[in-house]
Amino acid sequence: MTAVSESDLGVVLGELDEWLEANWDPELSLREWWQRLGEAGWAQPHWPREWYGRGLSRADGLAVSLAIQGFGAVPGPVGFATGMAGPTLLVHGTDDQKRRHLPGMVTGSDGFCQLFSEPNAGSDLAGLQTTAVLDGDDWVVNGQKVWTSGGQVANKAMLVARTNVDVPKHAGISYFLIRMDQPGVEVRPLREMTGRNFFNEVFITDARIPVDDLIGGEGKGWTVANTTLAFERALSGGRGATTPARPGPIAGDLDVRAGDFVVAPGDGPSVAARSSGWPRLAVLAREVGRNGDPPVRQRLVRLYTLERILALTGRRARALQESGRELPGLPNLAKMAQNHAVRLGRDLTFDLLQAAGMLHGYDPQAAAASEAVAGIADLADLMETALFAQGPPIYGGSDQIQRNIVGERVLGLPREPSTDRRVPFRDLPKN
Ligand SMILES: Cc1cc2nc3c(=O)[nH]c(=O)nc-3n(C[C@H](O)[C@H](O)[C@H](O)COP(=O)(O)OP(=O)(O)OC[C@H]3O[C@@H](n4cnc5c(N)ncnc54)[C@H](O)[C@@H]3O)c2cc1C
């Protein structure tokens, strides 16, 4: 998809403005609003016109979502569905699959999660042991997944499972869309050190998937999953406007008044950007009387510099993508640099908070009490972001795995020694 010219983008934004004037109504429920937005192609404007989008480039799509926010309306749903499952389906899905699944994504009526990692298959995802066996018109799935973000609020999931144990591990994997709201799927929440329940364990026992929901063909799951992971990495880069409104029928906000989710432009795209980015930490340094401290000033400037470089790298990556070129390894390097910034922010946060950095409220009452004691109004937000900083360097492929990819696929270094690439999966030693 190539970017439209600046004047053409102006025309698109003019058309959007007219459409918003005629259609935005804060009194609509979120369900009604997202339905209007999605059906008009404005929820995911960088998706193709024939598939609920407007055929714009990703950068122009981001400009549209920012313009929707700037108008004072709510942009389209954000999450696993529109960020990962939908884009994967656009690449590998059949027309029938796109017709059945994409509308629920653009209108927010479905909430998705990602059933990839298992207790013994994280970095080595191809070692997964969940099985799917064909039984009439259904695949029957058994196994266990873990670290399933948002699993407790998803009604559908992207699933990778083993459909053939007689071929080497990468070749025997298939990719499915599975319903989470069925008796064979049990979701057990895991509590993290932030106090939140972001992840879950998912136990799957004789769950069923209609044959029509196998994506990309039997045994092609490794390729399809890598497409999803590439979209996941791209999410770490530039984002458009985002919204606190949650999609999906389980814990989504679909029946709440749409106007309750209007976010003023400049209110920051994410908790991470608000709480551990340089602007917030510069203010914190002043609040705790350390803004004249030379080492603190140096670390703030280092963080500022890295964040600027990241923003410019993101623009460069998008420009390359839009002109049909790519710089091998750039998404991997961008993810690692982003993780570096997250860690710098975390360490500076704890250093500035000093003893207050040991106060973390695990419920709203305790959070309010900690904030009052420390005299820092958003202590809970700062602490949650700092404690969550361990996450980004692990998900979507850990930093070490990104380095392996760059070493082997970009620099041409010898591959890691492995003895399991040609052996049928059934003959491999397993935990
Ligand atoms: C915040 C968060 C959200 C997540 N959300 C989801 C989700 O929604 N769905 C999902 O399916 N998964 C999710 N995950 C899981 C994530 O994908 C895995 O944690 C990740 O792939 C690492 O796998 P692992 O935890 O099994 O660690 P392991 O693979 O056991 O790795 C342990 C350590 O060994 C290192 N290592 C492993 N192999 C190599 C190697 N070949 N070379 C060098 N070093 C190596 C790793 O870098 C790591 O430091 C999430 C994880 C986090 C932290």
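**Entry 1: Asp206**

I began at Asp206 and, leaving aside its neighbours within four places in sequence, I found it in contact with Val140, Val141 and Asn142. I note early that I am reading a predicted model. Asp206 lies in strand β7, and its phi is near 50°, a positive value in a residue other than glycine. I then looked along the chain to Gly216, 10 residues apart from Asp206, and found the two C-alpha atoms separated by 22 Å.

**Entry 2: Confidence**

Before going on, I looked up how confident the predictor was, and the chain averages a pLDDT of 91, with 94% of the residues scoring at least 70. I marked residues 267–274 separately, since over this stretch the pLDDT is below 50, and beyond near neighbours in sequence the stretch has 10 contacts in the model. Where pLDDT is low, the predicted coordinates should not be read in detail, and I keep to that here.

**Entry 3: Another positive phi**

I next turned to Trp147, which is found in the loop between β3 and β4, the latter being residues 156–162. The phi of Trp147 is near 60°, which is again a positive value in a residue other than glycine.

**Entry 4: Salt bridges across the chain**

Side chains of opposite charge can pair when their charged atoms come close. How many salt bridges does the count come to? I noted 25 salt bridges, and I followed some of them one by one.

I looked up Asp213 and found that it forms a salt bridge with Arg100, with the closest N and O atoms 3.0 Å apart. Asp213 lies in the loop between β7 (199–210) and β8 (214–215), whereas Arg100 lies in helix α5 (residues 95–106), so the pair ties together parts that are 113 residues apart in sequence. Are the partners buried or partly exposed? Asp213 has 8% relative accessibility and therefore counts as buried, the cut-off being under 20%, while Arg100, at 36%, counts as partly exposed.

I went on to Arg208, which forms a salt bridge with Asp138, the closest N and O atoms being 2.8 Å apart. This pair links distant parts of the chain, with Arg208 in strand β7 and Asp138 in strand β3 (residues 138–145), 70 residues apart. Arg208 has a relative accessible area of 35%, so I wrote it down as partly exposed.

I then checked Glu384 and Arg196, whose side chains meet in a salt bridge of 2.7 Å, N to O. This pair, too, links distant parts of the chain, as Glu384 is in helix α12 and Arg196 is in the loop between β6 (185–190) and β7, 188 residues apart. Both partners are partly exposed, Glu384 with a relative accessible area of 21% and Arg196 with one of 32%.

Lastly for this entry, I recorded that Arg290, Asp293, Arg299 and Asp351 are linked in a network of salt bridges.

**Entry 5: Helices α12 and α3**

Having met α12 through Glu384, I looked at how covered the helix is, and I found that α12 (residues 379–388) is mostly covered, with seven of its 10 residues buried. The buried residues are Leu379, Leu382, Met383, Thr385, Ala386, Leu387 and Phe388.

I compared the span of helix α3 (residues 58–71) with its expected span: its 14 residues reach 20 Å from the first C-alpha to the last, close to the 20 Å expected at 1.5 Å a residue. In α3 I listed Asp60, Gly61, Leu62, Val64, Ser65, Ile68 and Gln69 as buried. The helix is followed by Gly72, whose phi is positive, near 100°.

**Entry 6: Helix α13 and the segment after it**

Which residues make the nonpolar surface patch of about 270 Å²? I found that Val410, Leu411 and Leu413 make it. Val410 is found in helix α13 (residues 399–410), and it is partly exposed, with a relative accessible area of 35%.

In the segment after α13 I looked up Arg426, which touches Val165 and Asp166, not counting residues up to four places away in sequence. The C-alpha atoms of Arg426 and Lys169 are separated by 8.7 Å, although the two residues are 257 residues apart along the chain.

Notes
Residues numbered from 1 in each chain as written. Predicted model: local features only at pLDDT ≥ 70, side-chain atom pairs only at ≥ 80, totals over all residues. Heavy atoms only, no water. pLDDT = per-residue confidence, 0-100. Contact = heavy atoms within 4.5 Å. Buried < 20%, exposed > 50% of the residue type's maximum accessible area, 1.4 Å probe, protein only. Helix = DSSP H or I, 4+ residues; strand = E, 2+ residues; numbered from the N terminus. Expected span 1.5 Å × (residues − 1). Patch = residues over 30% accessible without salt bridge, like charges linked within 9 Å, V, L, I, M, F, W, Y side chains within 5 Å. Areas by Shrake-Rupley, 256 points an atom, 1.4 Å probe, with all protein chains shown as cover. Salt bridge = Lys/Arg side-chain N within 4 Å of Asp/Glu carboxyl O.
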